Amino acid sequence: MTNSTNNKMIMNENKLNKILLITGGAGFIGSNLIRYFLNKYPDYKIINFDKLTYAGNLNNLKEIETDPNYVFVKGDVANSQDVKNVFEEFNPDFVVNCAAESHVDRSITDPDIFLQSNILGTQIMLDFACENDAENFVQVSTDEVYGAKFKNFSADENSSLKPNNPYAASKAAADLLVRAAHQTHGQKVNVVRSCNNYGPFQFPEKLIPLMILNALTDVDLPVYGAGKQRREWIHVEDHCRAIDLVLHRGKSGEIYNAGTGNERINLKLVEYIVKQFPGSQSQIKFVADRLGHDFSYAMKSTKIHQELGWQPVKQFEAGLDETIEWYKMHRDWIEAIKSGEYLQYYDKIYKSRLTE
Ligand code: NAD
Ligand code: DAU
């Protein structure tokens, strides 16, 4: 046993409260996760380590920024010195790695940063978690690593990885590095693979918040292709509960799928959203499809149900109505985003599509 392992075990014997390092905590899932953990574990100290990319938004955490159990540290998971500093300063017991470039369309036009943050960043986080004998490292992953649904097959945790876009490929590579850390060093790790998340504080580049934002502001609603693709939806709070269970009770080295069965056809979902804005002039516009667009995904989530007792609780349409209401009530949050690089991004992805 190394000295550092020994010291840490002695420290932990007297320690009830834990230090949890969440990377990407200023993003959509990370910020919901921080609120969830602060609420559920009043004895934990939460360190939010985030580079503040276009998707990182400290406005997502306004109401908890002065909480004595919360600390924000600006840094890049792909920069060893930044990561070293945060580990030296806080010596975290747990790590949840949410930090990533997360948007498929951006990965198609600009893949490099996905390799940097999602692959190299994960390896660097793993290395420091290993060196510091972290009690667990949870990698927040995605159903996209299994690739598009094939016939009636649903992927379980042992299914092969067949990612079809640069984002999904970078996430699959990261999952394999997590596996390798466990096999090589016996490192305590888990992977959680969820389907499409929705809920408050989601950056309006993703389908649901983009459609809500456009309907709110009377802008056309760009549906890719004929809108026949399907996605399976999980409310972000259900996802947070899954991460919590896996972090504390997951069997070391294991992967857990977290799906809901709430699959919807994109067009039907957009029609549902637009109906919630009766006075709006927004119209659905069918635009050029995403390259290599996965038609749908399919995962079995039996393992997390049986081993950890996790079940999603949020009914989809109820969760969607709440989410629409949240965006209606948070116009300031939206306006602050729209004043940044968002408009340039919107033009890059949609301008030619909407004028074709
Ligand atoms: P997001 O884009 O809203 O947030 C990502 C956060 O990571 C931002 O705060 C950003 O600043 C930060 N970040 C990016 N690169 C970084 C770097 N190099 N160093 C430090 N911080 C960095 O993403 P999200 O939707 O909240 O997704 C979070 C995680 O969950 C990602 O790993 C994503 O792959 C995964 N995931 C997302 C979904 C979904 O539907 N949104 C589903 C399954 C899995
Ligand atoms: O499946 C989990 C994944 O879900 C996560 O790993 C990713 O981080 C997350 O971005 C999400 O990926 P998708 O590509 O499924 O999400 P997105 O919201 O971009 O698109 C959902 C569907 O809606 C997809 O079929 C493409 C379609 N779409 C999307 C946008 C942004 C449109 O028709 N029009 C649009 O403008």
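Start by selecting Leu343, which sits in helix α13, residues 342-355. Keep in mind as you click around that this is a predicted model. With a relative accessibility of 47%, Leu343 counts as partly exposed, because it falls short of the over 50% needed to be called exposed. Now add Ala155 to the selection and draw a C-alpha to C-alpha distance: the two residues are 37 Å apart in space, with their positions 188 residues apart in sequence.

**Stop two: ligand 1**

Next, show ligand 1 and its surroundings. It has 28 residues around it, and the closest are Ile29, Asp50, Ser102, Tyr167 and Lys171. Zoom in on Ile29 and look at the main chain: one of its backbone N or O atoms is 2.7 Å from an oxygen atom of the ligand. Val77 also uses its backbone here, with an N or O atom 2.9 Å from a nitrogen atom of ligand 1. For a side-chain partner, pick Tyr167, where an N or O atom of the side chain lies 2.6 Å from an oxygen atom of ligand 1.

**Stop three: ligand 2**

Leave Tyr167 highlighted and bring up ligand 2. A polar side-chain atom of Tyr167 is 2.6 Å from an oxygen atom of ligand 2, so you'll meet this residue in both ligand views. Ligand 2 is surrounded by 23 residues, the closest being Asp143, Tyr167, Arg290, His293 and Tyr350. Color Tyr350 next: a polar atom of its side chain lies 2.6 Å from a ligand 2 oxygen. Then go to Asn196, whose side chain places a polar atom 2.7 Å from an oxygen atom of ligand 2.

**Stop four: the largest pocket**

Switch to a surface view and find the largest pocket, with a volume of about 320 Å³. To center on it, select Glu157, Asn158, Arg179, Gly253 and Ile255, the closest to its centre among the 18 lining residues. Two elements give two or more residues to that lining: α6 (166-185) and β6 (189-194). Which of the elements gives the most to the lining? That's α6, with six residues. Color the lining by class and you get an even split, with six nonpolar, six polar and six charged residues.

**Stop five: Asn214**

Move on to helix α7, residues 207-216, and pick out Asn214. Is Asn214 buried or exposed? It is buried, because its relative accessible area is 3%, and the limit for that label is under 20%. Follow the side chain of Asn214 and you'll see it reach the backbone oxygen of Asp220 at 2.9 Å. Beyond its neighbours within four places in sequence, Asn214 is in contact with Val219, Asp220, Leu221, Pro222, Ser282 and Tyr346.

**Last stop: two positive phi values**

From Asn214, step along to Asp218, in the loop between α7 and β8 (221-224). Check its backbone: phi is positive, about 60°, although Asp218 is not a glycine. Most residues other than glycine have a negative phi, so a positive value is worth a look. Asp218 is partly exposed at 41% relative accessibility.

Finish at Asp133, in the loop between α5 (112-131) and β5 (136-142). Its phi is near 50°, again a positive value in a residue other than glycine. Asp133 is partly exposed as well, with a relative accessible area of 26%.

Conventions:
Residues are numbered from 1 along each chain as its sequence is written. Chains are lettered from A and ligands numbered from 1 in the order in which they are written. This is a predicted model: local features need pLDDT of at least 70, side-chain atom pairs count only at pLDDT 80 or more; totals for chains, interfaces and linings use all residues. Side-chain values use heavy atoms; hydrogens and water are left out. On a 1 Å grid over the protein atoms alone, a cavity is a set of points where a 1.4 Å probe fits but cannot get out, and a pocket is an open set with protein on both sides within 12 Å along at least five of seven lines; lining residues have an atom within 4 Å of a point. Grid points are joined across faces, edges and corners, and a volume is the space filled by probe spheres set on the points. Helices (H or I, at least four residues) and strands (E, at least two) are DSSP runs, numbered from the N terminus. Ala, Val, Leu, Ile, Met, Phe, Trp, Tyr, Cys and Pro count as nonpolar, Asp, Glu, Lys and Arg as charged, and the others, Gly among them, as polar. Buried means under 20% relative accessible area, exposed over 50%, partly exposed in between (1.4 Å probe, protein chains only). A polar contact is a pair of N or O atoms within 3.5 Å; within protein, one must be able to donate a hydrogen and the other to accept it, and residues adjacent in sequence count only if both atoms are side-chain atoms. Contact means heavy atoms within 4.5 Å. A residue is near a molecule or strand if one of its heavy atoms lies within 4 Å of it.
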